[in-house]
Amino acid sequence: MNKRSKAIRRRERIERTRLEILRCAAEAFGRNGFAATTMDEIARRLGMAKGNLYYYFKSKEEILYFCQDYSLDLLLARLDEVRRSGVPADEQLRQLIREHVGVILDELKASAMHTDFQMLSRRRLARVIRKRDQYERGVREIIREGMERGIFRKGDPKLFGFAILGAINWTVRWFSPQGPLSAREIGDAFADYLVRGLRAD
């Protein structure tokens with residue numbers, strides 16, 4: 001194996017570990033809150049020495065930022081895929097709602113994506129807000145397009161977008177992996193219910 005291949009594998013291994021830390025920390029943040037979760041607890045849950053944890057993240061705030069940033073990158077990628085699909089606006093919105101629920105409940109196990117948001121430093125918070133606003137604009141564009149084509153009833157796309165995103169994001173507060181419904185089932189139910197509420201017919 002040459003040096004370049006070794007370097008690539010090392011980077012991939014580091015990235016996998018960072019994601020494992022992220023998922024563990026996100027679950028703890030979501031359950032206990034950011035302030036009450038310690039680096040010791042995160043390391044203990046991972047079976048990792050605290051010193052090793054600091055190799056991947058310099059602070060708990062950096063982990064929280066990565067939770068937010070990673071989640072939004074996933075959502076923006078899903079948004080781009082949905083927009084490029086060419087399907088009607090109602091199907092775009094339905095697919096995006098399913099994907100959104102899957103990201104926050106399955107990918108990060110009821111993540112801290114929307115928890116303790118204001119605990120980030122001003123610089124990191126500004127970065128996250130830019131991505132969040134970009135995603136929200138994409139949702140509104142789908143709704144606006146649906147209104148223009150007569151698929152959705154007339155109204156304020158911004159208000160409808162906030163209502164939809166608020167309903168989805170609140171699931172992190174009550175979802176339980178041991179509950180009667182899986183994240184996929186919740187995503188399907190939310191997609192059907194929320195899109196139906198916008199339809200013009």
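The legends below describe several views of a predicted model.

**Figure 1. Overview of the predicted protein, whose secondary structure comes to nine helices and zero strands.** Read along the sequence, the pattern is α-α-α-α-α-α-α-α-α. Taken along the principal axes, the box filled by the C-alpha atoms is roughly 60 × 40 × 35 Å. Of the 201 residues in the protein, 46% are buried. When contacts between residues at least 6 apart in sequence are considered, 69% of them join residues at least 24 apart.

**Figure 2. Helix H2 and the glycine that follows it.** Helix H2 covers residues 39-46, and its buried residues are Met39, Glu41, Ile42, Ala43 and Leu46. An α-helix has 3.6 residues a turn, so residues three or four places apart point the same way. After H2 comes Gly47, which has a positive phi, near 70°.

**Figure 3. The packing of helix H4 with helix H6.** Helix H4 spans residues 60-84 and helix H6 spans residues 122-148; their axes come within 10 Å and cross at roughly 25°. Because angles under 35 degrees count as roughly parallel, H4 is described as roughly parallel to H6. The crossing in which H4 passes H6 is left-handed. On the H4 side, the residues that make the contact include Glu61, Glu62, Tyr65, Gln68, Leu72, Leu76 and Leu79, while those on the H6 side include Arg124, Arg127, Val128, Lys131, Tyr135, Ile142 and Glu145. Sorted by class, the residues of this contact are nine nonpolar, three polar and eleven charged.

**Figure 4. A closer view of Glu62 in helix H4.** Glu62 counts as buried because its relative accessibility is 15%, and the limit for that class is under 20%. Its contacts, leaving aside neighbours within four places in sequence, are with Phe57 and Arg124. Glu62 and Arg124 are 62 residues apart along the chain, and their C-alpha atoms are separated by 8.9 Å. Glu62 and Arg124 are also among the residues through which H4 and H6 make contact.

**Figure 5. The packing of helix H5 with helix H7.** Helix H5, residues 89-107, and helix H7, residues 157-169, pack at an angle of about 30°, and their axes are 10 Å apart. The crossing of this pair is right-handed. From H5, the contact is made by Leu93, Ile97, His100, Val101 and Ile104, and from H7 by Ile164, Leu165, Ile168 and Asn169. In this contact there are seven nonpolar residues, two polar residues and no charged residues.

**Figure 6. Cys24 and Cys67, in a structure where a search finds zero disulfides.** Cys24 is in no disulfide, and the nearest cysteine sulfur to it, that of Cys67, is 10 Å away. Seen from the other side of the pair, the sulfur of Cys67 has its closest cysteine sulfur in Cys24, and the 10 Å between them is too far for a bond, because a disulfide requires sulfur atoms within 2.5 Å. Cys24 counts as buried at 14% relative accessibility, and Cys67 is buried with a relative accessible area of 0%.

How values were computed: Residues numbered from 1 in each chain as written. Predicted model: local features only at pLDDT ≥ 70, side-chain atom pairs only at ≥ 80, totals over all residues. Heavy atoms only, no water. Buried < 20%, exposed > 50% of the residue type's maximum accessible area, 1.4 Å probe, protein only. Helix = DSSP H or I, 4+ residues; strand = E, 2+ residues; numbered from the N terminus. Axes fitted to C-alpha atoms, helices over the stretch in contact; angles between N-to-C directions. Parallel < 35°, antiparallel > 145°, perpendicular 65-115°, else oblique. Left-handed = near helix turned anticlockwise from the far one by under 90°. Contact = heavy atoms within 4.5 Å. Nonpolar A, V, L, I, M, F, W, Y, C, P; charged D, E, K, R; others polar.
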